[in-house]
Structure formats: structure tokens, C-alpha cells
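Grab a pencil and take a look at the model below. We'll work through it together, one exercise at a time.

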Amino acid sequence: MSESTKQGEQIDQLNETYGLPGFIRVEAGAGGLPKVLLTCDSARGELFLQGAHVTAFEPDGDEPLIFLARSARYEQGKAIRGGVPICFPWFGSKVGDSSAPSHGLARTKAWSIGSTRHDEHGVELALVTTIEPFHVTYTVRVSSSLTLTMVVVNESERSERFEQALHTYLAVSDIRKVEVRGLQGATYLDQLQGRAKCVERAPAIRFNGETDRIYLSTEPRKTVVDPGLGREILIDTEGARSTVIWNPWIEKTDRMSDLEQDEWPKMLCVETGNIADDAVELAPGERWRLSTILKSQRTEI
Ligand code: TA6
């Protein structure tokens, strides 16, 4: 049996078991990777089963909230550039193992669908995976906002530590015209200076070069103000103490094979998770719940 026939059968089986006509459908996405389409009255979303990777969220009457690179690669085991990659059980490089993949194992792993449901306000898809010694449930809810919830359970007999981040690529009009509010006073690790510890003095962060900062012990609400698109993106979190702010700018983009020079102005990563000093330690059987809600709010131009 050919690979595409096998994939077709897998997709038919998924639709039979989890499809909700008019709300949730599985299809072969780019590269033949299974993709879930989520539709409700107020928005639409998309997610690849590989990595449980959200690649689109578009509220009705608004521009897409999520950035996805034109040259993203859709191959088994390869991270997709853009969307919301899941960084877990480590962030960035793995301490003590330079051969380990950047940002952990979750974003390139095949996840399984656990359940699907819809109600009068939206649609919901739960996915599950095991990354020893953790069991992870990731729920994606598409309504007028995008709600992402990640529950990690320590299934081992020992206390275990992990890092995590929902590495959200937001779509913006022009990075040089947006600002991020809600991080004033927070300590951050500047990744461009060997994670030197700094303090954010500005009430609003603006961008004039490569920016790569891990803010620690941050407040639950961050706001991305985008006059060019006449909107603010509200980011509300629970169980996420860290916030990463990243834009690669020109030189770093040059070194990336899956991001083009006309794209870095159109993206801003605002990532929410628990990283470095904020990493989570779980006792045997203990669980940790992280959630992030993204909502677009029109502003007077
Ligand atoms: O979150 C920011 C960051 O850690 C940057 O340092 C940059 O490496 C980015 O993640 C993308 O990482 P990736 O492994 O997806 O190319």
C-alpha cells in the first residue's frame, strides 16, 4: 500500500471518529501531513497533528492573528516556521546535550486526537502525547478568541523538572510600528548577551533591531498594540510565569532557510511559558496547567 493511500485511510478514520461536520474536519495538509480545520461562527483555525501545531487563527472580519512563513517546511520531524510551536520539555538548547533538538521534542512529535466538541460559541480539539516521563494534554479552543491549554502530568516515581513555551508567532503590520505593553519592571534574560540579566524600564517595548528576551515572573496580561492593523492583541495567561519577546530582524533572518527578508517585519513572537528560573518542578503524579488566550480588539485609527 502506498504512503499516500495509508495517509488517506488514516485521515478517513480520524474524520469518522472525531470529525464534526461543519465544525471539525481532518484533511491532508502541506507535505501530506494531517491537518485539522476548526470552524465556528466567529472564527476559523488550523492545526497540524505533527507537533499539535496551530498554524492559523482568523477571527471573522479581522486579519489573521497568527503568522506563518511562506517557506515553512512541512516534513515529518521538522518544525514548522510560524504558528504556535510547542516548546517542551526544554526551551532553546538542552542543557548538557548539544545534539538535542532546539526547543524540545513536542513540536515535531505526532500527537493523537483525544476528543472533539463544539458548543454555541466555539469548537474544541484535545490532543494527547507522552514525552517520558510526562503525559501532556493540549486543548485548542477556537471561538472569537484562541484558547490554548497545556496540562502536564509527571507519571514517574521521582520529582521531575521541565520548561515549556507556546512559541506564538503573531502577525503584525510592521514590527517597527508595534509595541508590547505589560512587561515594565520585569527582569529579563537577554539572549543576545548570553542571557545577561536586565530589567525592563520601558512601559512599552518598541523594536529597532533583533530582539530576543526571556522575561521572568511576568504579569498575566500582555498587549500588542498594532496601529497599522488598527488592533490590539490581548494575551492573557494562567500558569505561565515567563514571556519571550523575539524578532529575528535582518541578519538572523538571512541565516534562516525558512523565513524570507520581507517576512521578519510582519511577525512578532510573544511566547508564554515557564523557562530558566521559572522552570516547573513536579512531584510524582503532580500536574501543571498553562493556558494562553489570544484575542483581537479593534482600536480607533
Ligand atoms: O524564542 C526565541 C528563540 O529561542 C530564538 O532564540 C530563536 O532561536 C527562535 O526561538 C526560533 O528557534 P527555532 O529553533 O524555531 O529556529
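Here are a few exercises, each with a worked solution.

**Before you start**

This is a predicted model, in which local features need pLDDT of at least 70 and side-chain atom pairs count only at pLDDT 80 or more, while totals for chains, interfaces and linings use all residues. Residues are numbered from 1 along each chain as its sequence is written, and side-chain values use heavy atoms, with hydrogens and water left out.

**Exercise 1. Trace the nine-stranded open sheet and find its edges.**

Step 1: get the terms straight. Strands are DSSP runs (E, at least two residues), numbered from the N terminus. Two of them pair if DSSP finds at least two bridges between them.

Step 2: walk across the sheet. The order is β6-β7-β8-β9-β23-β19-β18-β13-β16, with antiparallel pairing.

Step 3: look at the ends. β6 (112-118) and β16 (204-205) each have a single partner strand, so one side of each is left without a neighbour in the sheet.

**Exercise 2. Follow the chain from β7 through β8 to β9 and match up residues across the strands.**

Step 1: start with β7 (residues 123-131), which pairs with β8 in the antiparallel sense over nine bridges. The two form a hairpin with two residues between them. Across this pair, Leu127 faces Tyr138 in β8.

Step 2: check the turn. Pro133 sits in the loop between β7 and β8, and its peptide bond with Glu132 is cis, with omega about 0°.

Step 3: carry on to the next pair. β8 (residues 134-142) and β9 (residues 146-154) are antiparallel too, over nine bridges, and three residues link them in a hairpin. Here Tyr138 stands opposite Met150 in β9, and Val142 is across from Leu146.

**Exercise 3. Which residues lie nearest the centre of the largest pocket, and what lines it?**

Step 1: know what you're hunting for. Rolling a probe the size of a water molecule over the atoms shows where empty space is left. A pocket is found on a 1 Å grid over the protein atoms alone, as an open set of points where a 1.4 Å probe fits, with protein on both sides within 12 Å along at least five of seven lines; lining residues have an atom within 4 Å of a point.

Step 2: take the volume. The largest pocket holds about 540 Å³ of space, counted as the space filled by probe spheres set on the points.

Step 3: list the lining. There are 26 lining residues, and Arg81, Ser102, His103, Arg107 and Lys252 lie nearest the centre.

Step 4: sort them by class. You get eight nonpolar, 10 polar and eight charged residues (Ala, Val, Leu, Ile, Met, Phe, Trp, Tyr, Cys and Pro count as nonpolar, Asp, Glu, Lys and Arg as charged, and the others, Gly among them, as polar).

**Exercise 4. Describe the surroundings of the ligand.**

Step 1: gather the neighbours. Residues around the ligand (one of their heavy atoms lies within 4 Å of it) include Arg81, Phe91, His103, Gln191, Trp246 and Lys252.

Step 2: pick out polar contacts, meaning pairs of N or O atoms within 3.5 Å. A ligand oxygen is 2.6 Å from a polar side-chain atom of Asp212. For Glu271, the distance from a polar side-chain atom to a ligand oxygen is 2.8 Å. For His167, a side-chain N or O atom lies 3.0 Å from an oxygen of the ligand.

Step 3: work out the cover. On its own the ligand has 390 Å² of accessible area, and the protein covers 83% of that (areas come from the Shrake-Rupley method with a 1.4 Å probe).

Conventions:
Helices (H or I, at least four residues) and strands (E, at least two) are DSSP runs, numbered from the N terminus. A polar contact is a pair of N or O atoms within 3.5 Å; within protein, one must be able to donate a hydrogen and the other to accept it, and residues adjacent in sequence count only if both atoms are side-chain atoms.
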